[in-house]
Structures are given as structure tokens and as C-alpha cells.
Amino acid sequence: MPATVIVGAQWGDEGKGKIVDLLAQESDVVCRYQGGPNAGHTIIFGGETHKIRQIPTGILSGKTAILGAGCVVDPEVLVAELDAYGDRGRFCLSGNAHLIMPWHLAIDQASERRLGKLQIGTTRRGIGPAYADKASRIGIRVQDLLDPKILRQKIEVALAEKNLWLERVYEVETFDLDDVASLYEGYAQRLRPYVADTSLIVDEALRDGKSVLFEGAQATLLDLDHGTYPFVTSSNPIASGAATGIGIGPNRIDEIIGVAKAYVTRVGEGPFPSEIPSPVQEELRELGGEFGTVTGRERRCGWLDLVALRYAVRLNGFTSLALTKLDVLSTFAEIPVCVRYLLPDGSETPHFPAHQSDFHHCRPIYETLEGWEEPLSDDELPDAARHYVEFVEQALGVPVSLVGIGAERERVLARS
Ligand code: IMP
């Protein structure tokens, strides 16, 4: 599979890290095309747990790891990860990626506080404000780190406006030009050797017949354009984002693997039709260890939602699916699966509502599948578990090629 995109098919935290890590073993290059340190990939192997937020996890397997132009980069996080993992593989950073600056974090936090009950529930890592500056064409890019004079000038121009905003609108601390400039000059020293033309590197790798993995952060329903706006992230995780975020033509992509949990979780606010009522929700959360990698927040838990997954198939063009954490459902005697939504006008639909009010007010219609009530082994799935997987395949018209049956890297079943 020369060029493969891996995308979260739900609201994130589907266990993409593990699937990416598995497929990275067979790849030469692993890229991230959007997002920033709001992602959190947990990889467990060799008895160690690694939590990586910024660098593609392929670096752990000695691969070329790339952060593309569509990413936003927090240099503090990146430098710490390079200190920990930088010597394990080759790392390249697009000069066109945007930098998360200290004021982006301050604005993200202050604006969430100000929104109060209406908050988005962001990771507070400065993602939205950094992408907003990019769209407003006042962002500071990685390539600005290459010239200390330009870097200082850009920080000065930005601070002239941001400090006013922080002080007068949000009533929080402002930033000092010298402090920020010297902090970022320090990061610049460390990051300069990694800045590269990543679009060209990927293009050449593909021309040379190498395997390239494009790892989406966050997930389909958090997509800025097609997700459950405004409870979304500020970039495009969907598969086509790989082409724009890296800088290659969409026709270079061969395979698109959607990663879906065997149930659903969501962090942050927003409608969630198949959310499970208490106390079963808490039970599933404990069984699945559903607490955020980055924020430690409790994840909201729901039954598998095939309406939302069908939408993800449409948006991404999945060629196959990886269904993760099937083992977490092993103790349930019956497992509801949402197959349609009941809309406020009384009609039923298998399609994701195009209008937000319909989505806010729809009710899930479930089919209840039989549970298997036994641990999953590495050989063969019990009949009821196999039926669960086949039910998903039939409903979506997409083969499930991988099934996650445990937390460790090896505990994935490949299906032909
Ligand atoms: P932001 O990306 O920090 O701006 O957060 C926007 C929304 O995306 C919030 O609902 C977050 O909880 C959610 N989000 C961002 N990154 C992740 C992730 O890696 N997993 C799950 N949700 C995420």
C-alpha cells in the first residue's frame, strides 16, 4: 500500500495510534497532515507506555516522521518530544506549518472561560486561535524561525494586537516581547535542522515506490467543515485533508483506512445521540479506560452509531475499516447498535442530518445484538463477536480489515 491515509471515523480517540503504529512497521514515511498537540497517541509496547502529542508515532519505529504544512506546532511540546524520541528516526518539519504562540494558549483558555456553559470544550492547547491567525494571514510560521530578525519582528507585530486583546477583552496577563522572542529563539536553535520541504520529500518517496502513511489527528466528526460544528477542531482531519495538508495531489492516495471504536466516545461538548445513560456509561468508561490522553478528562461513552459511521464513509471514502476495542464490550450480554435516527418530525433516516437542529434533537433507533460474554483470544472471534463485526460491514458496505482485541500493539486481528 504505497500511500495510505488513516482517519478517525468518529469523534476521536478511536485507538488510531495503535493502528498507525502497526502499519508504520511496513511504511517508510509517516506523516501528520493537520492538527497539533491537541492529539494524543498512546502506544504500548515493550512494557512501556508512550504518549505522543506532536511527532508522528512512526518515529518510535525508526521511520521518517513528517509534520506537514497543515499542522500547527507547539515548539515547547515538539522540543520535549524530540529530546525523548528524536534519535529513534528521522524527523522533518514543514516550514509552512504554523507556530502555536503563548498568546494562542492564553486566548484559547480565556475564551473557553468566557463562553462558560457555551464552551466548546477544547483541549486548551491554542489550536483554534493558531488556525484563526493562519486564516487571517497574521500567523507565524515554522520558516520564520530560520531568521531571528524576521522572527522578532513578527512577534512584535503580533503582540501589539494580542496584548491589547488579552488585557482589554480577556483581562488576563500580557506577554513581553523580549521574553517571547528569546524563548522562541531558543526553540529555533533546536528546530532549525529539521525544517524541510516536506511536500517534496513525500512526493519523492512516492515516486521511489516507498510506502507513506498519512496519520490523521482528531477525527471525522471533529472536521472543521463537515463535523458537528461548532464542537469541532479547527482543521480538516478527513482523508482529503491529507492531500492539502501535505501538499500532494489527491490522486496519489491509494488506501483510506477508517478507525472506529466498537462503541463511541466523545470529549467536550455537543450532541451525542447514542450516549449511554448512567450507570452503564460509567461501567463502559471504566472498562475502556476512557480518559483523555492529553487532558485526562472523562470521555462520554455511547453505543456504536452506524448513522454517524455511514457519514464518515461518505466523507472519507474508506477502503477498509479498523474496528478497535472490541474486547471492551466482552462483558455485555446484549449490545445495542444505533442503525437509524428518529428525527423531530417523526421520520426515520439512515443518513446523518445535514441540519444541526435535526442532529441536536434526533433520537437513536437501536438494533440489539447478542453479546459474547467471554474474553477475546488471539485466534478466532467467538460467533457473536464475529456477527457484530459482520453487521457493521454489511451496514456500511466497507470491509473491516483489522479488529482490536486488547491494548497491546500485537493484539489486533487481521481479517481477509
Ligand atoms: P481543540 O482541537 O483543542 O480546539 O478542541 C476542539 C474539539 O475537538 C473539542 O471538543 C476537543 O475535545 C476535541 N478534540 C481535539 N483533539 C482531540 C483528540 O485528539 N481526541 C478527541 N477529541 C479531540
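User: What makes both faces of strand S2 (residues 29–32) count as covered?

Analyst: In this predicted model, Val29 and Cys31 point to one side of S2, while Val30 and Arg32 point to the other, and these four residues are all buried. The word buried requires a relative accessible area under 20%. Since the residues on either side carry that label, both faces of S2 are described as covered.

User: How do you know that S2 is paired with strand S5 (residues 64–67), and in which direction do the two run?

Analyst: Two strands pair if at least two bridges are found between them. Four bridges join S2 to S5, so the condition is met; these strands run parallel. One of the links to S5 is that of Arg32, whose bridge partner there is Leu67. Strand S10 (residues 212–215) is likewise joined to S2 by four bridges and runs parallel to S2. In S10, Arg32 has Glu215 as its bridge partner.

User: Why is Thr57 called buried?

Analyst: The relative accessible area of Thr57 is 0%. The cut-off for buried is under 20%, and therefore Thr57 falls within that class. Thr57 is found in the loop between strand S4 (48–52) and S5. Leaving aside residues up to four places away in sequence, Thr57 touches Val20, His41, Ile43, Ile52 and Glu215. Tyr85 lies 28 residues from Thr57 in sequence, and their C-alpha atoms are 9.4 Å apart in space.

User: Is Ser274 buried or exposed, and what places it in that class?

Analyst: Ser274 has 0% relative accessibility, and because buried means under 20%, Ser274 counts as buried. This residue lies in the loop between strand S12 (264–266) and helix H9 (280–288). Beyond residues up to four places away in sequence, the contacts of Ser274 are Val264, Gly302, Trp303, Asp305, Cys338, Pro364 and Tyr366.

User: Pro364 also belongs to a strand pairing; which residue is its bridge partner?

Analyst: The bridge partner of Pro364, in S17, is Tyr341. Strand S15 (residues 334–342) and S17 are joined by eight bridges and run antiparallel. With at least two bridges required, S15 and S17 therefore qualify as a pair.

User: Why is the sheet that holds S15 called open?

Analyst: Three strands make up this sheet, in the order S16-S15-S17, with antiparallel pairing. Strand S16 (348–349) and strand S17 (363–370) stand at the edges, and each has a single partner strand, so one side of each is left without a neighbour in the sheet. Helix H10 (residues 306–316) packs on the sheet, where it touches S15 and S16, and the direction of H10 makes about 65 degrees with that of S15. Helix H12 (residues 383–396) lies across S15 and S17, at about 145 degrees to S17.

User: What makes Arg137 exposed, and what is notable about its phi?

Analyst: Arg137 has a relative accessible area of 76%, and since exposed means over 50%, Arg137 is placed in that class. The phi of Arg137 is near 65 degrees, a positive value in a residue other than glycine. Arg137 follows helix H4 and is found in the loop between H4 and H5.

User: How do you know that Glu171 is exposed?

Analyst: The relative accessible area of Glu171 is 64%, and the cut-off is over 50%, so Glu171 is exposed. Glu171 has a positive phi of about 55 degrees, although it is not a glycine. Its position is in the loop between H5 and helix H6 (177–191).

User: Which residues line the largest cavity, and how are they classed?

Analyst: The lining consists of Met101, Trp103, His104, Asp133, Ile138, Gly139, Ile140, Ala158 and Lys162. By class, five of the lining residues are nonpolar, two are polar and two are charged. Gly counts as polar and Met as nonpolar, so Gly139 belongs to the polar group and Met101 to the nonpolar group. Helix H3 (102–115) and helix H5 (148–169) each supply at least two residues of this lining. The space in the largest cavity is about 30 Å³, and a search of the whole structure finds one cavity of 30 Å³ or more.

User: Asp133 also lies in helix H4 (residues 127–135); which residues of H4 are buried?

Analyst: The buried residues of H4 are Ile127, Pro129, Ala130, Tyr131 and Asp133. Among the elements that cover them are strand S6 (72–73), strand S8 (98–99), H3 and H5.

Terms used:
Residues numbered from 1 in each chain as written. Predicted model: local features only at pLDDT ≥ 70, side-chain atom pairs only at ≥ 80, totals over all residues. Heavy atoms only, no water. Contact = heavy atoms within 4.5 Å. Axes fitted to C-alpha atoms, helices over the stretch in contact; angles between N-to-C directions. 1 Å grid on protein atoms, 1.4 Å probe; cavity = no way out; pocket = protein on both sides within 12 Å on 5 of 7 lines; lining within 4 Å. Points joined across faces, edges and corners; volume = space filled by probe spheres on them. Buried < 20%, exposed > 50% of the residue type's maximum accessible area, 1.4 Å probe, protein only.
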